Amino acid sequence: MPEEPRDPNAPQRPDLPAWPPSWAMSDSPQSPSGPAEEPAQPAAAEPAPEPAAAEPAPAEPAPWAAPATPEPVAGEPAPAADEPAWAPEWTTPEPAAAAEPVGYANEPETVPPHEAPTSQYEAVPPVAAAGAAGAAAASSASEPPAEEPPRVSVVNEPEEHADEEYRYHNSPKRSAGVPNAIEFVDVHKAFGRNEILKGLNMGIPEDKISMILGPSGTGKSVCIKHMVGLLYPDQGDVIVHGESVPNMTDDELFDMRKRFGVLFQDGALFGSMNLEDNVAFPLRQHTDKGEEEIREIVQRRLAEVGLSGSWDKMPNELSGGMRKRAGFARALVLDPDIVLFDEPDSGLDPVRTALLCELIEEIHQENGGAYVVITHDILSAKRVAEHISVLWRGRIVESGPAEELFNSDNPFVRQFLSGESQGPLGME
Amino acid sequence: MGGPSAGWTAVPRDWFASFGEIVKFIWGVLKQILDLRVFKFSGEVLRQAGLIIMSSALVIWVLVFVVGLQCGIEGAYFSRAVGAPANAGTFAALCNLRELVPYAFGWMMAAKVGTGIVAELGSMRISDEIDALEVMGIDSITFLCATKLLASWLTLPFLYVMAVGAGFFASYLAVVEQIGEVSSGGYFLLFWMFQNPPDLLFSLAKAMAMATIIVLVGCYYGYNASGGPVGVGTATAKSMVLNLVMVHLIGMLGTQVFWGGNARAPIGG
């Protein structure tokens with residue numbers, strides 16, 4: 001890998017030896033940390049003319065190399081003993097982790113060759129790093145490499161073993177302190193050979209804004225379709241207000257659905273009707289209200305979502321955000337007990353997303369009910385979520401009140417809620 | 001798994017599976033009408049009826065008119081060639097009522113109504129509109145498919161009879177006004193001699209069988225469309241192929257059943 005020019009003003013990392021190491025600088029007699037004074041020098045420092053001598057002799061300990069068995073330092077944790085095994089070998093150490101153990105430092109032999117210059121630092125165990133820190137910080141002559149953002153390879157990810165698939169799914173499922181409006185009980189669902197839900201157990205609390213978060217393709221939208229009986233589980237049960245959805249007759253199912261309002265990703269407005277007729281549709285089908293009363297309700301709902309001036313527009317005349325808001329108005333028009341939002345933020349700019357989140361919050365405060373928002377947008381979750389369930393690989397990793405989830409110590413939840421590229425979740 | 005035999009049986013197996021799915025779907029739609037559930041959406045039935053009349057009637061009549069002209073011209077020249085120009089009316093009667101008007105009606109229904117239904121339902125499916133209907137507590141099969149079928153049953157007989165009239169009028173124009181080998185009275189004498197009211201009913205039966213199949217096949221392919229816009233296009237093409245096959249099958253079977261054993265015409269004494 002070609003070396004990047006280093007910024008001489010870049011902050012010095014105290015846990016790392018100075019750059020460049022003495023073996024790499026034939027005209028630099030020693031490194032500031034002092035190991036160049038030790039007798040064992042790489043051959044590169046010798047005046048020998050052979051090109052092969054430019055490589056450090058493998059049998060001799062390099063001046064920057066870690067001791068074979070580092071001494072534990074009192075007050076410091078043992079290096080790497082309890083670090084998660086998921087850490088890819090080629091990752092760079094975190095800048096803030098100077099005094100912390102670096103678990104992947106023990107696996108330098110698997111570092112891809114093209115990352116070799118970085119991996120030298122990973123080979124430094126914490127004790128050696130701590131020892132070098134003072135000297136390195138005192139030096140201004142040689143600078144450490146400029147800090148680069150952590151990088152993840154998306155093409156050579158390590159294969160995960162099948163029995164390790166759920167090692168992060170062991171966090172508690174905390175109760176929200178209120179009864180559940182919807183419950184998933186050991187739900188399995190497969191499409192052909194592709195198993196989406198693999199024993200999902202999840203509760204959606206009554207009268208709260210709940211968010212189901214998770215990476216793309218983990219079954220969030222499939223969850224919504226199970227809640228309203230558009231899909232049935234292959235195994236397990238889905239319970240809405242104490243009634244089993246898969247065991248309902250068609251008539252019971254259609255009655256149950258009247259208690260739901262669903263906002264689909266693109267609003268799912270009927271293309272053959274204008275906005276007013278779209279919002280009025282459920283009222284005309286399910287109530288005996290007169291046309292005057294229906295129009296009044298529709299206008300009120302459209303005003304709530306800021307679309308009272310667009311009542312006569314067709315869906316194809318509306319922007320994406322307007323279609324979502326119109327879909328929201330239609331979802332609310334029957335005063336449902338449960339409102340489901342399937343990725344309300346998809347395709348919206350951050351400001352429109354924020355406004356839509358505020359709208360969801362306001363209308364929930366006004367109407368109450370169980371609101372379920374499916375998303376993978378963390379900002380939206382921070383804005384409106386009262387209860388969060390994190391879904392991955394067809395099961396819940398962790399669920400509970402939002403503030404507890406944002407302070408979770410589960411590596412997957414931590415990575416997902418902070419949007420980091422490093423962690424259990426890769427591109428697979 | 002599977003050998004060479006599994007390979008060649010796979011295609012017919014898929015055909016049977018698809019056929020079974022279509023039959024099951026068709027029964028589901030018909031049941032909604034027989035159970036009278038479709039009348040919960042009588043407003044939608046009327047809307048669909050209006051759409052059929054407004055969007056399809058004129059184009060069907062124009063097509064049938066053109067076909068009627070052709071029947072008249074061909075009949076006039078053929079009958080003149082055998083020295084019996086008055087028999088142009090015979091040819092026009094049989095050609096129009098029994099064969100070409102039902103076929104022209106079926107073709108245009110498949111092209112205009114059938115593909116329109118697939119495109120409409122297919123785009124509703126991929127944009128979640130059908131799911132939206134379901135989650136509002138509305139049976140989408142009843143609302144979208146049964147209403148269309150009932151609307152076609154209500155409107156198409158009248159539309160078809162009008163189409164037959166357009167064909168007859170075109171043949172009259174071609175034989176009497178354009179070629180002029182036979183008088184109006186001579187033309188109508190044989191024209192009406194070679195058809196009677198049951199023939200009109202049989203012709204109508206053929207046309208309505210075609211229309212019913214076309215609407216149901218269109219509903220099936222549109223309702224079950226998947227795979228985005230490309231999937232809707234594929235479903236439209238598939239429905240067109242199946243509809244044309246069915247139109248010709250019904251045309252052939254209808255002719256065999258209604259006139260195959262008895263010409264129902266004063267031919268050969």
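Analyst: A salt bridge is a side-chain nitrogen of Lys or Arg within 4 Å of a carboxyl oxygen of Asp or Glu. The structure is a predicted model, in which local features need pLDDT of at least 70 and side-chain atom pairs pLDDT 80 or more, while totals for chains, interfaces and linings use all residues. Residues are numbered from 1 along each chain as written, chains are lettered from A and ligands numbered from 1 in written order, and side-chain values use heavy atoms, without hydrogens or water.

User: Which residue forms a salt bridge with Lys225(A)?

Analyst: The partner is Asp131(B), with the closest N and O atoms 3.5 Å apart. Between chain A and chain B there are 3 salt bridges.

User: Which elements give two or more residues to the side of chain A that touches chain B?

Analyst: Helices (H or I, at least four residues) and strands (E, at least two) are DSSP runs numbered from the N terminus. Here the elements are α4 (250-257), β6 and α5 (275-286) of chain A. The most comes from α5(A), with 4 residues. By class, this side has 11 nonpolar (Ala, Val, Leu, Ile, Met, Phe, Trp, Tyr, Cys, Pro), 5 charged (Asp, Glu, Lys, Arg) and 4 polar residues (the others, Gly among them).

User: How many residues does each chain bring to the contact?

Analyst: With contact meaning heavy atoms within 4.5 Å, chain A brings 20 residues and chain B 17. Buried area is the accessible area (1.4 Å probe) that two parts lose on being put together, summed over both. Between these chains it is about 1,500 Å², 64% of it from carbon and sulfur atoms. Phe254(A), Phe264(A) and Phe270(A) lose the most area in chain A, together 31% of what that side buries.

User: What lines the largest cavity?

Analyst: A cavity is a set of points on a 1 Å grid over the protein atoms alone where a 1.4 Å probe fits but cannot get out; lining residues have an atom within 4 Å of a point. The largest cavity has 14 lining residues, with Phe260(A), Gly261(A), Arg330(A), Ala331(A) and Met136(B) nearest its centre. Two or more residues each come from β6 (260-263) and α7 (320-332) of chain A and α4 (129-135) of chain B. β6(A) gives the most, 3 residues.

Note on methods:
On a 1 Å grid over the protein atoms alone, a cavity is a set of points where a 1.4 Å probe fits but cannot get out, and a pocket is an open set with protein on both sides within 12 Å along at least five of seven lines; lining residues have an atom within 4 Å of a point.
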